[in-house]
Amino acid sequence: MPHYCDTAPSHPVHAPYHDHEYGFPIADEASLFERLVLEINQAGLSWLTVLNKRAAFHSAFEGFEVDRVATYGEDERARLLADAGIIRNRLKVDAVIHNAGVIRALRESHGGFHAWLEAHHPLSHADWVKLFRRTFRFTGPEIVGEFLMSTGYLSGAHRDDCPVQSRILAAGPAWARG
């Protein structure tokens, strides 16, 4: 199977994500939440499908504003499940709403989502999966692995010879700190 670094750079949708986002460290709560939402919604689908729907997700989940999404009730759930611009899967929609509430609670327990990630780093992939499964919904091994690689907590987003890798290292991803 070709590596993302082989196929993404020449693709009109994948290239911007590959070159400027994938693997770079993220600290902003809304950005971390967005990445978690996108990874959850990718389950069973192609990453291209999710990237093509990214703007619709941003709109549907109000800019990934955790406080707003955490308060969604039945009216918002129905709105999301009727929105053809996003992936209309009840389990995924419910997980996103629930996980927004979890992230809000992480502010109290750890100072926020980013601080929670930092407090648990470094962990093995298997231990991250156990932690995510205890904390969030709809977070299996693939979702957790991709979320952590995409946000700089696990290595492997790019090959060592990929030109983007040096920029990621310069940005100080958690996995490079050990």
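Author: A residue counts as buried under 20% relative accessible area, as exposed over 50%, and as partly exposed in between (1.4 Å probe, protein chains only). The model here is predicted: local features need pLDDT of at least 70, side-chain atom pairs count only at pLDDT 80 or more, and totals for chains, interfaces and linings use all residues. Residues are numbered from 1 along each chain as its sequence is written, and side-chain values use heavy atoms, with hydrogens and water left out.

Reader: What percentage of the residues of the chain count as buried?

Author: Of the 178 residues, 45% count as buried. Two of the phenylalanines illustrate the class: F61 is buried at a relative accessible area of 1%, and F64 is buried with a value of 1%.

Reader: How many helices and how many strands are in the chain?

Author: Both are DSSP runs, numbered from the N terminus: helices are H or I with at least four residues, strands are E with at least two. In this chain there are 13 helices and 0 strands. The pattern along the sequence is α-α-α-α-α-α-α-α-α-α-α-α-α.

Reader: What is the radius of gyration of the chain, and what does the globule rule give for 178 residues?

Author: The radius is taken over C-alpha atoms, and the rule is 2.2 Å times the number of residues to the power 0.38. The chain has a radius of gyration of 16 Å, close to the 16 Å that the rule gives for 178 residues, so it is as compact as a globular protein of that length. Its C-alpha trace spans about 50 × 40 × 25 Å along the principal axes.

Reader: What share of the contacts with a separation of 6 or more comes from residues 24 or more positions apart?

Author: Contact means heavy atoms within 4.5 Å. In this chain, residues 24 or more positions apart account for 61% of the contacts with a separation of 6 or more.

Reader: How many aromatic pairs does a search of the whole structure find?

Author: A pair of aromatic rings is described by the distance of the centres and the angle of the planes. Rings of Phe, Tyr and Trp (its six-membered ring) pair if their centres lie within 6.5 Å; planes under 30 degrees apart count as stacked, over 60 as edge-to-face and the rest as tilted. The search finds 16 aromatic pairs in this structure. One of them joins F61 and F64: their ring centres are 6.4 Å apart and their planes are at 20°, so the pair is stacked. F113 and W116 form a tilted pair, with 6.2 Å centre to centre and 40° between the planes.

Reader: Where do F113 and W116 lie?

Author: Both are in helix α9 (residues 113-120), 3 residues apart, which is about one turn of the helix. F113 is buried, with a relative accessible area of 1%, and W116 is buried at 3%. The two belong to one aromatic cluster that also holds W128, F132, F136, F147 and Y153.

Reader: Which residues does V102 contact, leaving aside its neighbours within four places in sequence?

Author: On that count V102 is in contact with T135 and F136, and F136 is a member of the aromatic cluster just described. V102 sits in helix α8 (residues 90-110) and is buried, with a relative accessible area of 15%. Its C-alpha atom is 22 Å from that of A174, which is 72 residues away along the chain.

Reader: Which residues does R88 touch, not counting those up to four places away in sequence?

Author: R88 touches L80, L81, A82 and D83. R88 lies in the loop between α7 (74-82) and α8, and at 49% relative accessibility R88 counts as partly exposed. R88 and N41 are 47 residues apart in sequence and 9.2 Å apart in space, C-alpha to C-alpha.

Reader: What sign does phi have in most residues other than glycine, and what form do most peptide bonds take?

Author: Most residues other than glycine have a negative phi, and most peptide bonds are trans. E62 is not a glycine, yet its phi is positive, about 50°. E62 lies in the loop between α5 (54-60) and α6 (66-70), where it is partly exposed at 30% relative accessibility. F64 is found in the loop between α5 and α6, and its phi is positive too, about 60°, although it is not a glycine.

Reader: Which residues does a cis peptide bond join?

Author: H121 and P122 are joined by one, with omega about 0°. P122 is in the loop between α9 and α10 (125-135).
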